[in-house]
Amino acid sequence: MKLFLLVLLFPMLLAGCRVNDVCVESHPAPTLTEKDNGKTMRLTAGTGVNIRLAGNPTTGYDWTFSVVEEKSAAEAPGMVVEVADGTFTPDATDRVGSPGYRTFFVRALTPGKAVLTGKYHRPWEKPEADATRVRFTLIVESTP
């Protein structure tokens, strides 16, 4: 039985870990935070970037992202980037309701430009003008 599981799981280990059908690279990706708000980053198709933002989902507040993409007619069809659902890591694991960080993996898919706007809010409430927001511009280039 153990050998069967090893044979079954080994190809998955070779292929790499997948999060919400987005391949997470085996090497660490660069990370953007609130301090990088407004930053433009260049990526190569097939690579990615982590976005790590402070938050506390137990309060009902969470990060949501909207993506606006620009591509020229000569660029490959398809989405420029894909944003995976974020994973939450609390600051103190022994305290219920403690704040922490939500980390989103953004995978660069095809050449083009993507502007990601993140908003920290309660999704069921009216949008507030003073909601915490971040904005990152990703320029995706084709692989060499």
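**Note on the predicted model**

1. Of the 144 residues in the protein chain, 32% count as buried. The model is a predicted one. Its protein chain exposes about 9200 Å². Carbon and sulfur atoms supply 59% of that area.

2. Secondary structure comes next. The protein chain has one helix and eleven strands. In sequence order the pattern is α-β-β-β-β-β-β-β-β-β-β-β. The helix therefore precedes the strands, each helix or strand being numbered from the N terminus.

3. Contacts reach along the sequence. Take those between residues at least 6 apart in the protein chain: 67% of them join residues at least 24 apart.

4. Strand S4 covers residues 40-44, and its side chains alternate. Met41 and Leu43 point to one face and are buried. Thr40, Arg42 and Thr44 point to the other face and are not buried.

5. What does S4 pair with? Strand S11, residues 132-141, is joined to S4 by five bridges. The two strands run parallel. Within this pairing, threonine 40 stands opposite threonine 137 of S11. Threonine 40 is on the face of S4 whose side chains are not buried.

6. Serine 98 deserves a look. It sits in the loop between strand S8 (87-90) and strand S9 (100-108). Is serine 98 buried or exposed? Serine 98 has a relative accessible area of 4%, so it counts as buried, the cut-off being under 20%.

7. Which residues does serine 98 contact, leaving aside neighbours within four places in sequence? They are Asn56, Phe88, Pro90, Asp91 and Ala92.

Technical notes:
Residues are numbered from 1 along each chain as its sequence is written. This is a predicted model: local features need pLDDT of at least 70, side-chain atom pairs count only at pLDDT 80 or more; totals for chains, interfaces and linings use all residues. Side-chain values use heavy atoms; hydrogens and water are left out. Helices (H or I, at least four residues) and strands (E, at least two) are DSSP runs, numbered from the N terminus. Buried means under 20% relative accessible area, exposed over 50%, partly exposed in between (1.4 Å probe, protein chains only). Contact means heavy atoms within 4.5 Å. Accessible areas come from the Shrake-Rupley method with a 1.4 Å probe; for residues, only the protein chains shown count as cover. Two strands pair if DSSP finds at least two bridges between them.
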